[in-house]
Amino acid sequence: MLMLQQSKKRITVDKLADMFNVSRRTIFRDFNALSDLKVPVTWDEFNGYGIMEGYKIPPLMFTTEELATIMVGLNFVKSQVDKKLAEDAKGVELKIKEVVNDELRNFMDSLENKTVVDPFLHFGHEKKDGGNWYIVSSAISRQKSLRFVYRSKGDSTETERLIDPYLIVFYKDHWNVIGYSHKRAAIRNFVLDRMSGVEITDQKFELKSEINAEALIFNSNESGQKIEVLVGKEAERAFMANLPTKIIRKEAINSKKIKVEFRFESLDYLNDWLLQFGDKVTVLSPKQLIRKRERLISSMMENLHSS
């Protein structure tokens, strides 16, 4: 019913059967049931089914399972360090509670503080401004270029940028936007909380093809150096789940270790990231990364002795 109401075009039985993974016969039977309920379903032999214009379906017809799913999503958003995002999630939750019945509202209340997603973020971080993610997402949906001032991480220099934003991505504790940089004439990644004076321009950009989110996210590392590491079996799951790039090759060396190959652009970032695995990950190549690890560990030991 919601699909028929929201679709600007009629929908064929074959498309509906494929979408819901049922037979055509089931779809026909469902349409008969809707007609019995006095839902004004219309039909065209060439284009399929639709619903009479102006017919409205009561909003927010949720099951308890759907509400539980919503609560998980909202609690994840509320746990993030982005203060504005957490506040908006609370607003969404309040609006849903205003329109559902008492039984479902009580169900939501019972789950509100008993579904914790990412407790280290939820309890361990003070909320902060996470950047103009809403303006960025609006520009993406409208296919309009963004202009902003960007602060570099290293020396804090500020430069004006113009980009065509393609994708907004959340990495652990911060938002990023990936898009085409007019200054660099290439795809680049920008951290939202280092962007200021963000504004949507009147300049509309055209996409040459459908956005491939995976390709955009990992694109910056395709030209990076090839990295080879040995990973202990006890760290394999965490390593694979959190590695910030795509794995090229993985093979078992023995029952306790696997060799993983990937490409990465910033060796300094990777060097810091690998520290969380201690001696469970050994770098095989390149030598430049091995030397960086040696210097970092030596510096840590010196700080330990001096304290």
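This report describes a four-stranded sheet, several helices and a few loop residues in a predicted model.

**The sheet**

Four strands make up an open sheet, in the order S9-S10-S8-S11, with antiparallel pairing. S9 and S11 (281–285) are the edge strands, as each of them pairs on one side only. From one strand to the next, the twist averages 25 degrees. Helix H12 (residues 287–306) packs on this sheet and touches S8 and S11. The direction of H12 makes about 140 degrees with that of S11.

Strands of a sheet pair through backbone hydrogen bonds, either parallel or antiparallel. Here, S8 (residues 225–232) and S10 (residues 257–264) are antiparallel and share eight bridges. One of the residue pairs involved is Ile227 with its bridge partner Phe262 in S10. On the S9 side, five bridges join S9 (residues 247–252) to S10, again in the antiparallel sense. Lys250 stands opposite Val260 in S10, and Ala252 stands opposite Ile258 in S10. The connection from S9 to S10 is a hairpin of four residues.

The loop between S11 and H12 contains Pro286. The peptide bond leading from Ser285 to Pro286 is cis, and its omega is near 5 degrees.

**Helix H3**

H3 covers residues 24–36. Its 13 residues, at 1.5 Å a residue, should span 18 Å, and the end C-alpha atoms are 19 Å apart, which agrees. The buried residues of H3 are Thr26, Ile27, Phe31 and Leu34. Viewed down the axis of H3, these buried residues fall within an arc of 140 degrees, so they line one face of the helix. An α-helix has 3.6 residues a turn, so residues three or four places apart point the same way. Arg25 and Asp36, on the other side of H3, are exposed. Lys38 follows H3 and has a positive phi, near 70 degrees.

**Helices H5 and H6**

Two packed helices are described by the angle between their axes and the distance between the axes. For H5 (residues 83–99) and H6 (residues 102–112), the angle is about 150 degrees and the axes are 9 Å apart. Angles over 145 degrees count as roughly antiparallel, so H5 is roughly antiparallel to H6. In this contact, Glu93, Ile96, Lys97 and Glu98 of H5 meet Arg105, Met108, Asp109 and Glu112 of H6.

**Loop residues**

Three loop residues are listed below with their relative accessibility.

| Residue | Loop | Relative accessibility | Class |
|---|---|---|---|
| Asn132 | between H7 (119–124) and H8 (133–142) | 32% | partly exposed |
| Gln143 | between H8 and S3 (144–151) | 22% | partly exposed |
| Ala185 | between S5 (174–181) and S6 (186–191) | 51% | exposed |

The exposed class begins over 50%, and Ala185, at 51%, therefore counts as exposed. Buried means under 20%, so Gln143, at 22%, counts as partly exposed.

Phi is positive, near 55 degrees, in Gln143, a residue other than glycine. Ala185 likewise has a positive phi near 55 degrees and is not glycine.

Leaving aside neighbours within four places in sequence, Asn132 is in contact with Leu192 and Val198. The C-alpha atoms of Asn132 and Leu85 are separated by 9.9 Å, while the two residues are 47 residues apart along the chain.

Notes: Residues are numbered from 1 along each chain as its sequence is written. This is a predicted model: local features need pLDDT of at least 70, side-chain atom pairs count only at pLDDT 80 or more; totals for chains, interfaces and linings use all residues. Side-chain values use heavy atoms; hydrogens and water are left out. Two strands pair if DSSP finds at least two bridges between them. Helices (H or I, at least four residues) and strands (E, at least two) are DSSP runs, numbered from the N terminus. The expected span of a helix is 1.5 Å times one less than its number of residues. Buried means under 20% relative accessible area, exposed over 50%, partly exposed in between (1.4 Å probe, protein chains only). The arc is that of the directions from the helix axis to the C-beta atoms. Axes are lines fitted to C-alpha atoms, for helices over the stretch in contact, and angles run from 0 to 180 degrees between N-to-C directions. Contact means heavy atoms within 4.5 Å. Angles under 35 degrees count as roughly parallel, over 145 as roughly antiparallel, 65 to 115 as roughly perpendicular and the rest as oblique.
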